[in-house]
Amino acid sequence: MLSEELRFHRLNLDSFETPYIQHCILEMSISDVSSDLTIEIGSASFGLHKFPLVLRSGRTRKLLLEAKDIKVSRINLTSLPGRSDAFELTAKFCYGVNVEITISNVALLRCATRFMEMTEDISEKNLKIHTEVFLKDAVFPNISNSISVLRRCETLLPVSEEVNLVSQFINAIANNACKEKLTSDLSKLEYNFPSKPVQCVDSETPSDWWRKSLGMLNLNFFQRVLLAVKIKGPKQVIISKILINYAQNSLHGLFIKDPQLVKESLLDLDLQKRQRIIVEIIAG
């Protein structure tokens, strides 16, 4: 049976869910209060306070509730995606510090909110909803931004898959590629009779550079994007350009002219395997 002291401790943690208590904690000054909780993430450690973290993070709340020692002062969060970089941002948010969400950190933050359980169930206007709004407004509608953030998802697996980020980016890229093609076709119809002769120049158009940026994706992500684009039904010339650009980017510096003259190291075998897979994708 739980001791009366432990029962009281758990009751206090649960009371953080009330709006009045949340408001009081957000407004109070804790700069002069000694830290009562150390968060360990690998070799990094953070001396913080329980109140702000428990208010916003469901995982922190659970770990404290489940602890047998009611005076627990140390928690390990080594499994947090993004490790100490992600935790520093989420901790700032818990303390009421304005955290700027950007193309560079939105995937990191979205995965961190999953692990830290920073949802609306825990607290209103929590970090998860902020990341989702940013994704909806600034990332999904833009092909280049979607590709850029998708690349960052590679280092956040498997959580980036579990929170459906990877699939959302792939669908967004395919949908926007289809819209871009439709807009381009309509533009050609509108200017079917130009006042000046059209000169053939070897300049990069907006629709070219994003196809080239796909070459920066890993092979798995690229295959999935290519399949999603194909399903949308663009002309084969568009698919061909995407494949050519990917080949130019991904095969650069990988070809071994005479495998018989190269020592059969594990690195060489990996390079040959990568070459074969990429060529098979292009040929298929």
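Biologist: I am new to this structure and would like to start from a single residue, so in which helix is Thr113 found?

Modeller: Thr113 belongs to helix H6, which covers residues 106–116. Please keep in mind throughout that this is a predicted model.

Biologist: How should I read the surroundings of such a residue, and is Thr113 buried or exposed?

Modeller: Burial is judged from relative accessible area, and a residue counts as buried when that value is under 20%. Thr113 has a relative accessibility of 1%, and therefore counts as buried. Leaving aside residues up to four places away in sequence, Thr113 touches Met118, Leu127 and Lys128.

Biologist: Thr60 is another threonine I would like to read in this way, so where does Thr60 lie, and which residues does it touch?

Modeller: Thr60 is part of helix H4, residues 58–66, and with a relative accessible area of 2% it is buried. If residues up to four places away in sequence are not counted, Thr60 touches Leu37, Leu53, Val54, Ile75 and Met116. There is also a polar contact, at 3.0 Å, between the side chains of Thr60 and Ser57.

Biologist: Turning to the chain as a whole, how many helices and strands does it have, and what percentage of its residues is buried?

Modeller: The protein chain has 14 helices and three strands, and of its 284 residues 39% are buried. Another way to read a fold is to look at how far apart in sequence the contacting residues are: among contacts with a separation of 6 or more, 67% join residues 24 or more positions apart.

Biologist: Which residues have the most contacts inside the largest nonpolar core?

Modeller: That core has 64 residues, and those with the most contacts inside it are Ile39, Phe87, Leu150 and Phe169. Helix H6 gives the largest share of this core, with eight residues. As for Ile39, its contacts beyond four places in sequence are with Ala44, Ser45, Phe46, Leu48, Leu53, Ile75, Leu77 and Phe87.

Biologist: How do I read the sheet, and in what order do its strands come?

Modeller: The strands of a sheet pair through backbone hydrogen bonds, and this pairing is either parallel or antiparallel. Here the three strands make an open sheet in the order S2-S1-S3, with mixed pairing. The strands at the edges, each pairing on one side only, are S2 (44–48) and S3 (74–76). On average, neighbouring strands of this sheet are turned by 20 degrees against each other, direction ignored.

Biologist: In which sense does S1 pair with S3, and in which sense with S2?

Modeller: Strand S1, residues 37–41, pairs with S3 in the parallel sense over three bridges, whereas S1 and S2 run antiparallel and are joined by five bridges. Thr38 lets you follow both pairings, as it stands opposite Arg74 in S3 and has Gly47 as its bridge partner in S2. S1 and S2 also form a hairpin with two residues between them, and Gly42 in the turn has a positive phi of about 65 degrees.

Biologist: Which helix lies across S1 and S2?

Modeller: Helix H5, residues 83–94, lies across these two strands and runs at about 15 degrees to S2.

Biologist: How many salt bridges does a search of the whole structure find, and how should I read an individual pair?

Modeller: The search finds six salt bridges. For each pair it helps to ask how close the atoms are, and then where the partners sit along the chain. One of them joins Lys62 and Glu117, with the closest N and O atoms 3.2 Å apart. This pair links distant parts of the chain, 55 residues apart, with Lys62 in helix H4 and Glu117 in the loop between H6 and helix H7 (127–139). Lys62 counts as partly exposed, at 43% relative accessibility.

Biologist: Where do Glu88 and Lys92 lie?

Modeller: Both lie in helix H5, four residues apart, which is about one turn of the helix. They form a salt bridge whose closest N and O atoms are 3.8 Å apart. Glu88 is partly exposed, with a relative accessible area of 39%, and Lys92 is partly exposed as well, at 36%.

Biologist: With which residue does Glu162 form a salt bridge?

Modeller: The partner of Glu162 is Arg114, and the closest N and O atoms are 3.9 Å apart. This pair, too, links distant parts of the chain, since Glu162 is in helix H9 (residues 159–162) and Arg114 in helix H6, 48 residues apart. Glu162 is partly exposed at 47% relative accessibility, and Arg114 is partly exposed at 40%.

Note on methods. Residues numbered from 1 in each chain as written. Predicted model: local features only at pLDDT ≥ 70, side-chain atom pairs only at ≥ 80, totals over all residues. Heavy atoms only, no water. Buried < 20%, exposed > 50% of the residue type's maximum accessible area, 1.4 Å probe, protein only. Polar contact = N/O pair within 3.5 Å; in protein donor to acceptor, adjacent residues only side chain to side chain. Contact = heavy atoms within 4.5 Å. Core = buried A, V, L, I, M, F, W, Y, C linked by side-chain atoms within 4.5 Å. Pairing = 2+ DSSP bridges. Axes fitted to C-alpha atoms, helices over the stretch in contact; angles between N-to-C directions. Salt bridge = Lys/Arg side-chain N within 4 Å of Asp/Glu carboxyl O.
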